[in-house]
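This report describes the helices of one chain, how they pack, and a few individual residues. Please consult the sequence and the model while reading.

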Amino acid sequence: MIAKSTRDNRHTQRHPIQGFSEVGPTAIALARSVRARSIESLNQLLADTLSLRDLYKKHHWQVSGPAFYQLHLLFDKHAAEQGDLADAVAERVQTLGGVSLAATQDVAEATLVPRPPRDREAPQDQMARLLYAHEIVLEEVRAMARSAVAAGDDGTNDLLVSEVIRTNELQAWFVGEHLRQTAASPAQIRRGGMRR
Ligand SMILES: [Fe+2]
């Protein structure tokens with residue numbers, strides 16, 4: 001087995017073709033300053049979307065209780081949809097001439113979604129945690145969508161509104177209805193997740 005330090009050294013000596021904060025040329029008739037702002041927003045959203053995807057996977061694996069099978073399937077479906085959103089957001093970053101976040105360590109540093117415990121949580125706590133994460137994403141993405149349209153970046157605005165906002169709202173509805181079925185009280189939901 002190769003020692004960790006040897007592996008690290010082998011890879012850090014390579015020269016990048018584009019720095020993470022550099023904005024490269026494009027032929028999409030959008031000013032570099034506009035693209036730079038969208039790229040920054042999209043990379044934040046990418047980190048949060050990947051965190052939400054992983055939160056769904058955690059809960060897909062660790063779910064328990066009478067609704068095990070339904071939740072096991074629902075969480076996996078939502079994880080896959082969040083994965084698709086992450087792909088679209090990352091590719092929008094590249095389309096705008098940026099460099100997308102990618103490594104798990106960078107995502108963990110950047111994300112606004114709170115780190116969940118390693119422990120296995122009860123289904124109602126899993127769902128409250130997911131709803132909280134959806135609200136974080138929805139709040140930031142609505143602000144990002146407004147900025148993008150004000151700056152003339154209609155393509156980013158369309159991705160944020162038509163795909164990211166709508167998918168997150170729909171997923172929050174599905175999870176929220178399930179939480180209602182499991183008879184968690186509104187106070188519990190608010191404590192665990194809902195901020196309004
Ligand atoms: Fe699975």
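Ala 29 is exposed, because 6 other C-beta atoms lie within 10 Å; a residue is termed exposed at 12 or fewer such neighbours, buried at 20 or more, and partly exposed in between, with C-beta atoms placed from the backbone. Ala 29 lies in the loop between helix H1 (4-12) and H2. Its phi is near 55°, a positive value in a residue other than glycine. Most residues other than glycine have a negative phi.

The model is predicted, so local features need pLDDT of at least 70 and side-chain atom pairs count only at pLDDT 80 or more, whereas totals for chains, interfaces and linings use all residues. Residues are numbered from 1 along each chain as its sequence is written.

**Overall composition**

The chain has seven helices and zero strands; helices are DSSP runs of H or I with at least four residues, strands are runs of E with at least two, and both are numbered from the N terminus. Of the 196 residues in the chain, 34% are buried. Among contacts between residues at least 6 apart in sequence, 78% join residues at least 24 apart, where a contact requires C-beta atoms, placed from the backbone, within 7 Å.

**Helices H3 and H5**

Two helices can be compared with their expected span, which is 1.5 Å times one less than the number of residues.

| Helix | Number of residues | Expected span | End-to-end C-alpha distance |
|---|---|---|---|
| H3 (residues 68-95) | 28 residues | 40 Å | 40 Å |
| H5 (residues 123-151) | 29 residues | 42 Å | 42 Å |

Each of these helices is followed by a glycine with positive phi: Gly 97, just after H3, at about 95°, and Gly 152, after H5, near 90°.

The buried residues of H3 include Leu 71, Leu 74, Phe 75, His 78 and Gln 82. Leu 85 also belongs to H3 and counts as buried because it has 22 C-beta neighbours inside 10 Å. Outside its neighbours within four places in sequence, Leu 85 contacts Thr 49, Glu 163, Val 164 and Thr 167. The C-alpha atoms of Leu 85 and Leu 50 are 8.8 Å apart, although 35 residues separate the two in sequence.

**Packing of H2**

How do the axes of H2 and H3 cross? The axes of H2 (residues 32-62) and H3 come within 8 Å and cross at roughly 160°; axes are lines fitted to C-alpha atoms, for helices over the stretch in contact, and angles run from 0 to 180 degrees between N-to-C directions. H2 is therefore roughly antiparallel to H3, a term for angles over 145 degrees. The contact of H2 with H3 comprises 14 nonpolar, eight polar and four charged residues. Here Ala, Val, Leu, Ile, Met, Phe, Trp, Tyr, Cys and Pro count as nonpolar, Asp, Glu, Lys and Arg as charged, and the others, Gly among them, as polar. The crossing of H2 and H3 is left-handed, meaning that the near helix is turned anticlockwise from the far one by less than a right angle.

H2 also packs with H5, at an angle of about 165° and with axes 10 Å apart. These two helices are therefore roughly antiparallel to each other, and their crossing is left-handed. Residues making the contact include Val 34, Leu 45 and Leu 52 of H2, and Leu 130, Ile 136 and Val 141 of H5. By class, the contact of H2 with H5 has 13 nonpolar, seven polar and four charged residues.

Conventions. Contact = placed C-beta atoms within 7 Å. Parallel < 35°, antiparallel > 145°, perpendicular 65-115°, else oblique.
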